[in-house]
Amino acid sequence: LDLSVVSAVEYARDAASYHLLPGLAISCDGPVHSVALFSNRSVEDLDRATVLRTASSRTSILLLELLCRHVWKVQPNYATARAEASDLESLSHLPHEAVLVIGDAALHLRATDKYPFRYDLGSVWKDWTGLPFVFAVWAARRDTDRAEALALHDRLLQSRDWGVANLDLIAAEGA
């Protein structure tokens, strides 16, 4: 792909390969609701406990590791598992105390009472740092035609602006 959403981890590891497209990101400034740790016990009691992590987001995995180490002061034993919405039932058969889930799967799990403890990683980050968090950015490869990248960037900004102006319509369609 010449232009795409790129995980913040990928961009940070190889920024020289990309042109960052400003004004576009998957980010939060507090609770994000769709990136969460669901647990059978308090997060402070997860030291050496098994924590399943989704394979869908390297940025979310690293954020969880950072929060465990520096905020909650625990060192869980991590395991990777599929944690898409369609996989949530199979998670109950895996031995674990907590699970990191993102996207629709997190929203679906949030609506249940399967896990008594829930931690929104965007909220925890904001409380700890006072800063917004960026999960992914839009970027173009360095060798992409500049005029094409600028035109696509402009169209993406227009799409973002339309979406922000039409949230009620989008929510109604989504429902």
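Two strands are taken to pair if DSSP finds at least two bridges between them, and in this predicted model that criterion yields an open sheet of five strands in the order β5-β4-β6-β3-β7, with mixed pairing. At the edges of this sheet stand β5 (77–81) and β7 (117–120), each of which has a single partner strand, so one side of each is left without a neighbour in the sheet. Neighbouring strands are turned against each other by 20 degrees on average, with direction ignored.

Within this arrangement, β4, which covers residues 50–54, pairs with β6 in the parallel sense over three bridges, and Arg-53 has Leu-100 of β6 as its bridge partner. Helix α2 packs on the five-stranded sheet, where it touches β3, β4, β5 and β6, and its direction makes about 150 degrees with that of β4. Helix α4, residues 103–110, lies across β3, β6 and β7 and runs at about 125 degrees to β6.

A further open sheet is formed by three strands in the order β1-β8-β2, with antiparallel pairing. Its edge strands are β1 (3–7) and β2 (18–28), each pairing on one side only, and the twist from one strand to the next averages 30 degrees. Seven bridges join β2 to β8, and Leu-20 stands opposite Ala-139 in β8. Helix α2 packs on this sheet as well, touching β1 and β8, with its direction at about 145 degrees to that of β8; α2 is therefore in contact with strands of both sheets, given that contact means heavy atoms within 4.5 Å.

The side chains can be followed next. The largest nonpolar core has 24 residues, and those with the most contacts inside it are Leu-37, Leu-64, Trp-72 and Leu-121. At least two residues of this core are supplied by each of β3 (35–39), α2 (58–70), β6 (98–102), α5 (121–129) and β8 (133–141), with α2 giving the most, namely five residues. Which residues is Leu-64 in contact with, once its neighbours within four places in sequence are left aside? They are Leu-37, Val-51, Arg-53, Trp-72, Tyr-78, Leu-100 and Leu-121, and two of these residues, Arg-53 and Leu-100, are the bridge partners already met between β4 and β6. A second, separate core has 10 residues, including Ala-36, Phe-38, Val-101 and Ala-105.

Notes
Residues numbered from 1 in each chain as written. Predicted model: local features only at pLDDT ≥ 70, side-chain atom pairs only at ≥ 80, totals over all residues. Heavy atoms only, no water. Core = buried A, V, L, I, M, F, W, Y, C linked by side-chain atoms within 4.5 Å. Buried < 20%, exposed > 50% of the residue type's maximum accessible area, 1.4 Å probe, protein only. Helix = DSSP H or I, 4+ residues; strand = E, 2+ residues; numbered from the N terminus. Axes fitted to C-alpha atoms, helices over the stretch in contact; angles between N-to-C directions.
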